[in-house]
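Please load the model in your viewer and keep the selection panel open. The stops below are arranged so that each selection leads to the next.

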Amino acid sequence: MNGLLLTSIAVLVLVMFFIVFRMSNLVSILRTKSKKGEEIDVSTNNFHAYLFLLLPLAGTIWAFWYGIKHSGLWWQPDAAIHGAEYDWLSKIAHVIIILMFLVTNAALFYFAYKYRYKRNHKATFYPDNMKLEVVWTIVPAIILAVLVFTGWNLWRKVTKDAPENAIQIEVVGKQFNWIARYPGKDGKFGGYNFRYTDDVNELGLDFTDKNVNDDFQATELVLVKGKPVQLKIRARDVIHSVSLPHFRQKMDAVPGQPTTMWFIPTKTTQEMREELKSNPEYLKPDPSTTKGDPKDMKARWETFDYEIVCQEICGRGHFSMRMRVIVLDEKEYEAWVAKQEPFVVKNKEYVSEAIKRQTKMKQASGQALVENTSMSN
Amino acid sequence: MASAVAHAHDVHTHEEHHEHHHETFLTKYVFSTDHKTIAKQFLVTGILWAFVGGLLSILFRLKLGFPEMDYTWLKPLLGKWVTGEAGQGQLDPEFYLALVTMHGTIMVFFVLTAGLSGTFSNFLIPLQIGARDMASGFLNMLSYWFFFASSVIMAASFFLDGGPAAGGWVVYPPLSALPQALKGSGSGMTYWLVSMTLFIISSLLGGINYITTVINLRTKGMTFSRLPLTIWAFFVTAIIGLLSFPVLFSAALLLVFDRSLGTSFYLSDIYVAGQALDHTGGSAILYQHLFWFLGHPEVYIVLLPALGITSEIIATNARKPIFGYKAMVGSILFIGILSFIVWAHHMFVTGMDPFLGSIFMFLTLIIAVPSAVKAFNYITTLWRGNIRYTPAMLFSIGLVSLFISGGVTGIILGNNALDIYLHDTYYVVAHFHLVMGSASFFGMMAGVYHWFPKMFGRMMDEKLGYIHFWLTFIGVYLVFFPMHFIGIAGFPRRYYEFSAYAAFRDEVYLNLNQFISVAAVITFGAQLIFGFNFFYSMWRGRKATQNPWNSNTLEWTAPLEPGHGNWPGQIPFVYRWAYDYSKPNAEKDGFTDFIPQNVPYSMTPHSNLPHENEMIALEKEEMLPHDTTLELAELAKKKEVTA
C-alpha cells in the first residue's frame with residue numbers, strides 16, 4: 001500500500017513538473033518572439049554570476065568551520081616514531097594545497113562574477129603572455145620540488161631496511177582474518193610451504209624444520225613499546241593489505257610474494273587511552289555501545305584499540321577483516337610471551353601425523369617441486 | 001538487475017525511435033557510417049549507461065549512509081541480492097562489491113571513454129577540421145557496434161547466478177581469477193573480460209580513425225597550429241588510447257589464460273577454499289603493472305577531451321581568445337607523454353622496490369606542472385572577458401573548479417611518503433571523483449549543451465539546464481568534499497560497513513556518511529532533469545539558428561542539420577585560428593565580436609595584426625583562387641546583415 005501511495009505521489013509530482021515546464025516554455029517562446037535581436041538569452045546572467053560568488057564562499061566557510069570544529073577527530077592518533085614527522089609533513093603539504101585551492105578557485109569565481117556579460121561591452125583581446133606562462137610554470141615546479149624532496153626524505157626513512165634488533169613477526173592474511181606468528185626463543189621462523197596448509201596448520205608450517213618447534217601463533221598482534229618491529233607479510237589466497245593507520249604504515253599482502261615493513265611503536269595501548277581522555281572527541285560514547293544497557297555504555301577512549309585494517313579488496317568479508325593490535329611495555333610483553341605455547345606443543349598429535357605426510361610429499365614430488373620458503377633472518 | 005533490463009530495453013527502443021524519426025531504412029540508420037549518427041549513437045548509449053552507473057552508486061551509498069536500512073523494498077529490483085526476512089532485508093556483501101565494481105567499470109569505460117570520446121571525437125573531428133566524414137566510415141560504424149556488443153554483454157552479466165564481476169574495477173588477480181574466493185569471479189568475470197575485450201577493439205577502431213582523420217583530412221588551411229583545442233585534445237587522447245589499450249588487452253588475455261587454461265602468469269602459492277592450487281611462479285603484481293600501464297593513461301583519456309571541450313566553450317562564451325594557445329597545446333602533449341610513465345604511483349604499497357617508488361613519485365609530481373598551467377590559462381581566459389552564462393559555460397567553469405579542487409590532492413597522493421597512510425582510503429575516492437570523474441562528466445555535459453543545436457538542430461531548454469547545473473555543481477561538491485575528511489580518518493574504500501573497527505566508530509563519521517548519501521541521491525535526481533531535457537528537446541526543443549553561440553569554428557558554417565558529407569557545396573577553407581573573439585577593430589571590417597575561421601585575412605584589413613597582414617599575399621596565391629563563390633557570397637551576405 002505504502003509503495004503504491006509513494007509511486008502515485010511521485011507520478012503526480014512529475015506530471016506537475018512537466019506542466020509547469022510546458023507553460024513556462026510557451027511563455028518564454030512568446031516573450032522571445034517579441035524582442036528580436038538578442039540571440040543568446042542573458043537575462044539570468046547576473047544570477048549565475050552572484051551564485052558563483054556566494055556559493056563557493058559559503059561552502060568554503062562551512063568546510064573550514066566543520067573541519068576545525070572536529071579537528072581532534074580527523075587524523076587517527078599517531079603512535080609511531082616516524083608518525084610525528086609524517087603528520088608534520090602532511091600538515092605542511094595540506095596547508096600548501098589548501099592555499100593553492102583557495103587562491104585559484106577564488107580567482108576563477110571572482111573573474112566569473114566580475115566579468116559577467118554587460119551589453120555593449122567588449123572583452124579584451126589578450127591571446128598570450130610569455131612571461132606569465134613562464135612564471136606559472138616555474139612557481140608550481142619549485143613548490144612541487146620542495147614537497148617532493150621532503151617527502152622523499154621521509155619515504156627513504158620509512159622504507160629502509162629494518163634495524164638489526166627489530167622484533168620479527170610474521171603476519172599472514174587469509175579470507176577473512178589475520179594470523180600472527182612469532183619466531184619463539186630461537187628468534188628464527190620455521191619454513192613453510194603453501195601445500196602443507198590445512199584447517200589446523202593454517203600457515204602451512206613445515207614441521208620437518210626444527211626452527212618451527214618454538215614458533216607460536218596469535219590472533220592478536222602484540223608489540224613492544226619503543227622497540228622496532230618488522231612485519232613479514234604474506235597472503236594465503238588473494239591480495240590483502242596490512243594497514244596500520246595509527247602507525248602510519250601500510251603494506252600489501254601478496255600471495256606468492258612476501259613483503260615486509262617496520263616501525264617503532266611509541267605508546268602502549270593503555271597510554272594511548274589515557275592520552276585520548278584529554279581529546280573531547282574521544283569523550284563521546286562509542287556508538288556500538290549505546291544500544292544496550294546504559295551501564296555498558298563506554299566512551300571512545302575506553303574502546304580505543306590499535307588495529308590492522310584490511311585495505312585491499314579481498315572478497316565478501318573484506319570489511320570485517322580486522323586484527324587487534326596491542327602495544328605493551330617490555331615487561332608486560334615478556335610476561336605475555338612466556339604464556340604462549342608453541343604450535344607444535346599445542347597440536348602434538350596433529351604434528352606427528354603431519355611430519356609423516358610432509359616427508360612423504362617431499363619424496364613423492366621430488367625436493368625441487370616442494371621447495372620450502374625459508375624464513376631465516 | 002531490473003535496471004539492466006530497463007537499460008537493454010531502452011537501447012532497443014532507442015533504435016526503433018530513430019527508425020521512425022528519420023523515416024529511412026532501419027539498416028541505413030542503425031548501421032550508419034555517418035560520423036554524426038555514430039556520435040549520437042555513442043552519446044545516447046553513454047547517457048543510458050550513465051544512468052545505470054549512477055543508480056548503482058545510489059544503491060551502495062544507501063548502505064553506507066544508512067547501514068541499518070531495511071532493503072526489503074528494493075527486493076523487486078535486486079531479487080536474491082537482498083537477504084534476510086521482510087522488514088530486515090540486507091544488501092548482500094558480495095553484491096555490494098559487485099555494485100562498486102560495475103559502477104567503476106561503467107563510469108570509467110562506458111560513460112567517460114565511449115560516451116565522451118566516442119561522442120565528441122566522432123562528432124567534432126570532421127566538422128571542426130572541415131572533412132566530409134571520418135577516414136573510414138565503415139571502421140567507425142564497427143567501432144560503435146563493438147561497443148554496443150560490449151555493452152550488451154556487460155549488462156547481461158547482471159543476470160548471472162553469481163552476479164557480475166565484483167573484484168573492484170581494477171579486477172586484481174588472484175581475487176578476480178578465483179571463483180572460490182569470490183562469486184563474481186565466476187562467469188561474471190568471464191563476461192567482464194569478454195565485454196572489455198570487445199570494448200578495447202571498439203576503442204582501437206575509433207582511435208585509429210580519429211588519428212588518421214586529423215592527420216589526413218584537414219581542409220585547406222587547417223594547419224596543426226590552427227586546430228581548435230578540442231581537436232588537439234581528441235587527437236592526443238586517441239594516440240594515448242592506441243598505445244595503452246593493447247596493454248590492457250594483454251593483461252586481460254593473460255588473466256583469461258590463468259582462469260581457463262591453468263597457466264600461472266599472475267597466480268602463485270595459493271591455498272583457497274580448503275585446497276592448494278597448482279599455480280606457482282606467477283606474479284600478482286605483474287598484472288597491476290600491466291593494468292595501470294593502461295589505467296593511468298586512461299585517466300587522461302577520460303580527462304583530456306573534457307578539457308578540450310572546455311577550452312572551446314570558455315573561449316566562445318567569455319568572448320575572448322583562449323589564453324596561451326601554444327601553452328595549452330604544449331601541456332596537452334606533455335601530459336600525454338608523461339601519462340605513460342607514472343603508472344606505478346598506484347602501487348606504492350605493493351612492496352615494490354622503494355627506489356622505484358621514488359622515481360615514480362618524481363615523475364608523477366612533474367605532471368602537476370602542465371595541469372597547473374592549464375588551470376591558470378582557463379582562469380586568465382575569463383579575465384576581462386564578457387562572460388555569457390549558457391548552461392555549457394556554467395558546466396565548463398564548474399569543470400575548472402573541480403579540476404583544481406581534485407587536482408591539488410593529487411600532490412598529496414603522488415607523494416609516496418604521504419600516500420602510505422592515505423592509500424586506498426576515501427581520500428583517494430574524493431581525489432579521483434573530483435578531478436577525473438566529475439570534471440570529465442562536467443566536460444561531457446558542457447559538450448552536450450553546447451553542441452546539441454548542431455546535433456539535433458534544436459536548442460536544449462536553458463532554464464532546465466541552469467537548474468541541472470546548480471544542483472549538480474553543489475551536489476558534486478557536497479558528495480565528494482566531505483570524503484576528504486573521512487579519508488584522512490583512514491576510512492578504507494570498498495567497505496560494506498565500518499562498524500567492526502574502533503577507529504571508525506564515531507557519530508561524526510556516521511553523520512558525514514549519511515550527509516554524503518543524501519547529497520548523492522539529490523545529485524542523481526538532478527540528472528533526471530537533464531535526461532528529460534535531452535530527450536524532450538530532441539523533438540520538441542526550440543529551433544536552433546545556424547550559429548547560435550556566435551562561435552568561430554567550422555562546424556557552425558555547416559547547414560543547421562548537416563547531411564551526409566557535412567557541407568552541401570565545397571568544404572570551407574581555413575585562414576585563421578579558432579579564437580579571434582573580440583578582436584580590436586573587427587567592427588570596421590563588418591564583424592561583431594567574432595571572426596570565424598573561414599574568413600580570409602584579406603577581408604579583415606582593419607583588425608589584422610601585423611603578421612597577419614603578411615599572410616594576405618600568401619592567401620591570394622594559395623587559397624583564394626581555389627575558394628569558390630559559395631563561401632564568399634555567404635560572407636558578403638553576413639556583412640550586409642551586420643551593416
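The tour goes from the contact between the chains to the sheets of chain A and then to individual backbone features.

This is a predicted model, in which local features need pLDDT of at least 70 and side-chain atom pairs count only at pLDDT 80 or more, while totals for chains, interfaces and linings use all residues. Residues are numbered from 1 along each chain as its sequence is written, chains are lettered from A and ligands numbered from 1 in the order in which they are written, and side-chain values use heavy atoms, with hydrogens and water left out.

**Stop 1: the contact between the chains**

Select the residues of each chain that touch the other (contact means heavy atoms within 4.5 Å). The selection should hold 117 residues from chain A and 140 residues from chain B. Between them the two chains bury about 11,300 Å², of which 67% lies on carbon and sulfur atoms; buried area is the accessible area (1.4 Å probe) that two parts lose on being put together, summed over both. On the chain A side, highlight A:Phe125, A:Trp155 and A:Phe319, which lose the most area to chain B and together make up 8% of what that side buries.

Next, show the polar links. There are 7 salt bridges between chain A and chain B, a salt bridge being a side-chain nitrogen of Lys or Arg within 4 Å of a carboxyl oxygen of Asp or Glu. One to display is A:Arg300 with B:Asp506, whose closest N and O atoms are 2.8 Å apart.

Which elements of chain A give two or more residues to the side that touches chain B? They are helices H1 (2–34), H2 (45–69), H3 (83–114), H4 (130–159) and H6 (300–303), together with strands E7 (249–253) and E9 (306–310) of chain A. Helices (H or I, at least four residues) and strands (E, at least two) are DSSP runs, numbered from the N terminus. Coloured by class, that side of chain A divides into 61 nonpolar, 30 polar and 26 charged residues. Here Ala, Val, Leu, Ile, Met, Phe, Trp, Tyr, Cys and Pro count as nonpolar, Asp, Glu, Lys and Arg as charged, and the others, Gly among them, as polar.

**Stop 2: the sheet that begins with E3 of chain A**

Select the open sheet of 5 strands with the order E3-E2-E1-E5-E8 in chain A, where the pairing is mixed; two strands pair if DSSP finds at least two bridges between them. Strand E3 (216–218) and strand E8 (259–263) of chain A stand at the edges, each with a single partner strand, so one side of each has no neighbour in the sheet. From one strand to the next, the twist averages 25°.

Zoom in on strand E2 (residues 177–182) of chain A, which pairs with E3(A) in the antiparallel sense over 3 bridges. A:Tyr182 stands opposite A:Phe216 in E3(A). Then add helix H7 (residues 330–339) of chain A, which packs on this sheet and touches E1 (167–174), E2 and E3 of chain A, its direction making about 115° with that of E3(A). Axes are lines fitted to C-alpha atoms, for helices over the stretch in contact, and angles run from 0 to 180 degrees between N-to-C directions.

**Stop 3: the sheet that begins with E4 of chain A**

Now select the open sheet of 5 strands ordered E4-E10-E9-E6-E7 in chain A, again with mixed pairing. Parallel strands E4(A) and E10 (residues 322–328) of chain A are joined by 4 bridges, and A:Val224 has A:Leu328 as its bridge partner in E10(A).

Keep H7(A) visible: this helix also lies across E4 and E10 of chain A, at about 140° to E4(A). Helix H5 (residues 269–276) of chain A lies across E9 and E10 of chain A and runs at about 95° to E10(A).

From H7(A), select A:Glu330, which forms a salt bridge with A:Lys227, the closest N and O atoms being 3.8 Å apart. A:Lys227 is in the loop between E4 and strand E5 (229–235) of chain A, and the two residues are 103 residues apart.

**Stop 4: backbone features**

Most residues other than glycine have a negative phi, and most peptide bonds are trans. Where does the model depart from this pattern?

- The peptide bond from A:Gln175 to A:Phe176 is cis, with omega near -5°; A:Phe176 is in the loop between E1 and E2 of chain A.
- B:Pro173 and B:Pro174 are joined by a cis peptide bond with omega of about 5°.
- B:Arg384 is not a glycine, yet has a positive phi of about 55°; this residue lies in the loop between helix H12 (368–382) and helix H13 (391–413) of chain B.
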